[in-house]
Amino acid sequence: MSKQVVLSGIRPTGNLHLGNYFGAVRNFVAMQDNYRCYFFIADIHSLTTHPTPENLHGSVRQVLAEYLACGIDPDKAAIYIQSDLTETLELYTYLNMNAYLGELERTTSFKDKARKNPDNVNAGLLTYPVLMAADIIIHRANYVPVGKDQEQNLEMAVKFAARFNRMYGAELFPKPGPFTYDGKDPIKVPGLDGSGKMGKSEGNAINLIDTPEDIRKKVMRAVTDSGPTTPNQQKPEPIQNLFTLMNIVSKSDVIAFFDDKYNNCRIRYGDMKKQLAEDIIAFTAPIRERIVSILADEAFMARVAREGAEKARESASATMKEVRKLIGIRRFF
Ligand code: TRP
């Protein structure tokens with residue numbers, strides 16, 4: 001039996017941080033062996049915010065290098081740039097003919113973005129979920145790993161796929177479902193600001209590309225408190241967060257050592273943070289080195305992008321042949 005198809009789009013914004021690494025990225029890497037995977041960098045979607053040409057290209061390069069450095073293997077998965085697969089834009093156009101103003105206007109992410117940027121409520125923003133549906137169904141994907149913020153967009157993709165099938169009396173597109181990680185939830189990495197999880201917009205993140213100096217500074221600034229006063233007391237959130245980070249990057253004897261100190265009210269947060277910073281550095285250093293060396297290897301990046309686009313095109317052009325036939329777009333020549 002042929003493998004089920006998994007697809008995910010990656011927004012080319014910002015750098016990957018530890019939270020991304022232990023969340024989505026690690027799961028992508030795990031999926032490439034068991035599914036036919038398509039991962040692409042959604043550069044066309046990002047045009048809704050009007051990046052400069054330099055910023056656009058720079059972010060796409062950076063994101064590509066970072067995902068490769070984290071272990072996305074171009075020999076296993078198809079990793080490509082959305083704009084290299086122009087078939088998607090054709091499908092987007094066709095899907096737009098059956099996407100209705102009302103349903104697009106009701107989308108939460110559209111309403112949010114329109115409210116935040118009232119001067120840039122463009123048609124691309126309105127039809128963002130249509131382009132996303134095209135991304136997904138062009139490979140007839142079965143699964144899409146999505147976070148909470150993308151659930152509604154996935155539901156719209158399900159709707160557009162079913163609408164197309166119904167309209168043309170076909171069963172071309174399978175229903176794309178959310179990918180759930182066989183009981184293994186992504187590890188939630190806390191931020192350094194005392195509460196909540198690590199996120200780039202929260203400003204509490206450690207990026208994989210951060211230098212050892214950056215990391216030491218960020219960790220030393222992490223929120224703590226004045227220390228425990230009674231033995232074995234429960235750790236308040238900021239302190240628990242530091243321990244959670246340690247659990248992720250440090251050796252068990254190191255964790256046990258500081259846990260013990262805490263429980264005996266003898267912890268020195270400065271020492272703990274120093275240790276944590278060094279353990280984070282040890283963890284991220286090899287990834288950072290890979291990012292840097294991939295970015296310096298133009299030929300490698302070019303080959304990855306070309307081969308990814310070729311693999312994607314093979315699947316997309318087969319779908320588009322069927323789509324055109326069903327719609328009645330027939331060539332005279
Ligand atoms: N909208 C997604 C995000 O903002 C990116 C994306 C574009 C995507 N096309 C997709 C995700 C297709 C999954 C499937 O993160």
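**Exercise 1. Helix packing**

In this predicted model, the crossing of α12 and α13 is left-handed; work out how the directions of the two helices relate, and which residues bring them into contact.

*Solution.* Begin with the general point that a pair of packed helices is described by two quantities, the angle between the axes and the distance separating those axes. For helix α12, which covers residues 252–263, and helix α13, which covers residues 269–295, the angle is about 165° and the axes are 11 Å apart. Angles over 145 degrees count as roughly antiparallel, and α12 and α13 are therefore roughly antiparallel to each other. The next step is to identify the residues in the contact: α12 contributes V254, F258 and Y262, while α13 contributes Y269, D271, M272, Q275 and D279. Sorted by class, this contact of α12 with α13 has 5 nonpolar, 1 polar and 2 charged residues.

**Exercise 2. The largest cavity**

Determine how many cavities of 30 Å³ or more the structure holds, and describe the lining of the largest cavity by residue, by element and by class.

*Solution.* In general, rolling a probe the size of a water molecule over the atoms shows where empty space remains. A search of the whole structure yields 3 cavities of 30 Å³ or more, and the largest cavity holds about 40 Å³ of space. Its lining consists of Y94, L95, N98, F160, R163 and F164. Assigning these residues to elements, one finds that those giving two or more residues to the lining are α4 (87–96) and α9 (151–167), and that α9 gives the most, with 3 residues. The class count for the lining of the largest cavity is 4 nonpolar, 1 polar and 1 charged.

**Exercise 3. The second largest pocket**

State the volume of the second largest pocket, and establish which residues are the closest to its centre, which element gives the largest share of its lining, and how that lining divides by class.

*Solution.* The volume of the second largest pocket is about 580 Å³. This pocket is lined by 18 residues, of which R11, T48, T49, K113 and Y128 are the closest to its centre. The elements that supply two or more residues to this lining are α2 (43–46) and α6 (108–116). Of the elements, α6 provides the largest share of the lining, namely 4 residues. Finally, a division by class gives 2 nonpolar, 10 polar and 6 charged residues for the lining of the second largest pocket.

Key
Residues numbered from 1 in each chain as written. Predicted model: local features only at pLDDT ≥ 70, side-chain atom pairs only at ≥ 80, totals over all residues. Heavy atoms only, no water. 1 Å grid on protein atoms, 1.4 Å probe; cavity = no way out; pocket = protein on both sides within 12 Å on 5 of 7 lines; lining within 4 Å. Points joined across faces, edges and corners; volume = space filled by probe spheres on them. Nonpolar A, V, L, I, M, F, W, Y, C, P; charged D, E, K, R; others polar. Axes fitted to C-alpha atoms, helices over the stretch in contact; angles between N-to-C directions. Parallel < 35°, antiparallel > 145°, perpendicular 65-115°, else oblique. Left-handed = near helix turned anticlockwise from the far one by under 90°. Contact = heavy atoms within 4.5 Å.
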